[in-house]
Amino acid sequence: MRVEFDQWMKASSAAPDAQRIIESCVHCGICTSVCPTYDLLDHELDSPRGRIYLIRDMLQGAPVSVRTRDHLDRCLTCRACESACPSGVQYGQLIDIGREEVERRVPRSLAERIKRTLLRRALQSHRLLRMTLHAAWAMRGMMPAGLRKRLPVPPASLAAQSATQPASQHARRVLTLHGCVQGTVAPGYDQALARILDHFGVTLVTAKGTGCCGAISQHLGAPDEAKQAMRRNIDAWWPLLEAGAEAIVLTSSGCGSMIEDYGHLLKDDPLYAVKAKHISALLRDPVELVGNLWSTSNLPLAPLSPGQEQLVFHPPCSLQHGMRLKGRVELLLQRAGYQLAPVADSHLCCGSAGTYSLLQPVLAAQLGQRKLEKLMAGKPQAIASANVGCIMHLQKESPVPVRHWLEILAERLPARDQP
């Protein structure tokens, strides 16, 4: 696929990446077979191949309309196409370039810009998000059923959370971040990882000064704001890494996939390019860290009760397509004694996709319902996953509990005052 950019794009620092990615596409169409939106809408321009054509034409100077932006907006950025592509097309990087350019050429209405700005601010502010959700949880009983379903499940009480926190500090340390949504709606994920790592003599450190990984801003058309979040996190982690911390570990795979891209996204920053590349290299998903530790030392899990072993795992797109760790969590869960039912079309997105479920609720709901039908086919007692967005999205309609796999394992550990 040849490309000849217009003068504006030729001057852009993104031009070399865009040209390399577009020209690597041989338009074979294999990507269409794994694309959730193409599967739902049966429209070429709602497939990866079609969106590549749209982006190529836009960057070559062709007229761009709201319809162009709509087709790019409907992409989940699930990156299933990357896993399937025989040519190694880095579609995730290209869709970011295309979205940034279409925002410049086809500005959104004032109402849409305000909505997206408020969404970014609300989701990244612990205080605002906490106040909003606590008010919503307090009024949950008075809400219509449809609205009530859209609320995330309230986390455990602070007292219960504190009781599970490891008291010991170890010489070996790995780092995490305060994050944004997860820190408010699901603090138990980090606490579960901390308990598991404590059994292996490793301390999980939440670095002061960290916040959102930057994914929310990146995918809501605010790349400069996203880069500021990246630099802030790097500045907070760097002294701790210099002091001996071994790795960076995020319990939501969406955040992990974003931090894995820091090196690419900041490659043109003269002050942060080297550090960002190092940060990306130090990223470890919990399944990698726990799996490696477990292979050399025992994890003392309590026996499963009858029926408790029936589980199904939903692999988030960020885990299986972004970080290419498909099948790793399933192996650990099987080692822990769980019987995992097979899942048809496990490569397809559940529809959460960060803020996608808020901005494209109809498509997200259809994808979520399809995913739940596949997950429930094996009649599991619970659904496990590895990303806060997927878990919250599936919880809305799931007839069984949807939980993080780390919480499921951590509950079977002995209390910390036991040998």
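This is a chat about how some labels on this predicted model follow from their cut-offs.

Colleague: How do you know that the protein chain is as compact as a globular protein of its length?

Modeller: Start with the make-up: the protein chain has 25 helices and eight strands. Its radius of gyration is 21 Å, close to the 22 Å that the globule rule gives for 419 residues, so the label "as compact as a globular protein of that length" holds. The C-alpha atoms fill a box of roughly 70 × 50 × 45 Å along the principal axes, and buried residues account for 53% of the 419 residues.

Colleague: What makes D17 and K267 a salt bridge?

Modeller: The N to O distance between their side chains is 3.2 Å, and the cut-off is 4 Å, so the pair counts. This pair links distant parts of the chain, with D17 in helix α2 and K267 in the loop between α17 and α18, 250 residues apart. D17 and K267 also belong to a network of salt bridges with R20 and D268. Over the whole structure, the search finds 22 salt bridges.

Colleague: Why is D17 called buried, and K267 partly exposed?

Modeller: D17 has a relative accessible area of 13%, and buried means under 20%, so the word fits. K267 comes out at 35%, which falls between the 20% and 50% limits and therefore reads as partly exposed.

Colleague: What about R370 and D39, what makes them a salt bridge?

Modeller: Here N to O is 2.5 Å, again within 4 Å, so the label applies. R370 sits in helix α23 and D39 in helix α3, 331 residues apart. R370 is partly exposed at 36%, and D39 is partly exposed at 43%.

Colleague: And what does the pair of D345 and K374 tie together?

Modeller: D345 is in the loop between β6 and α22 and K374 is in helix α23, so the pair ties together parts that are 29 residues apart in sequence. The closest N and O atoms of D345 and K374 are 3.6 Å apart, which passes the 4 Å limit.

Colleague: How do you know that C78 is in no disulfide?

Modeller: The nearest cysteine sulfur, that of C317, is 4.7 Å away, while a disulfide needs the sulfur atoms within 2.5 Å, so C78 doesn't qualify. For C28 the nearest cysteine sulfur is that of C85, at 6.0 Å, and C28 is in no disulfide either. The structure as a whole holds zero disulfides. C78 counts as buried at 10% relative accessibility, whereas C28 is partly exposed at 43%.

Colleague: Why are β6 and β8 called edges of the sheet?

Modeller: The open sheet has four strands in the order β6-β5-β7-β8, with parallel pairing. β6 and β8 each have a single partner strand, so one side of each is left without a neighbour in the sheet.

Colleague: What makes β5 and β6 a pair?

Modeller: Two bridges join them in the parallel sense, and pairing asks for at least two, so they make the cut. Q310 stands opposite Q339 in β6. β5 and β7 pair over three bridges, and the bridge partner of L311 in β7 is A382.

Colleague: What makes I114 eligible for a nonpolar surface patch?

Modeller: I114 has a relative accessible area of 43%, and patch residues need over 30%, so I114 clears that bar. I114 lies in helix α8 and makes a patch of about 310 Å² together with L110 and L118.

How values were computed
Residues numbered from 1 in each chain as written. Predicted model: local features only at pLDDT ≥ 70, side-chain atom pairs only at ≥ 80, totals over all residues. Heavy atoms only, no water. Patch = residues over 30% accessible without salt bridge, like charges linked within 9 Å, V, L, I, M, F, W, Y side chains within 5 Å. Areas by Shrake-Rupley, 256 points an atom, 1.4 Å probe, with all protein chains shown as cover. Buried < 20%, exposed > 50% of the residue type's maximum accessible area, 1.4 Å probe, protein only. Rg over C-alpha atoms; globule rule 2.2 N^0.38 Å.
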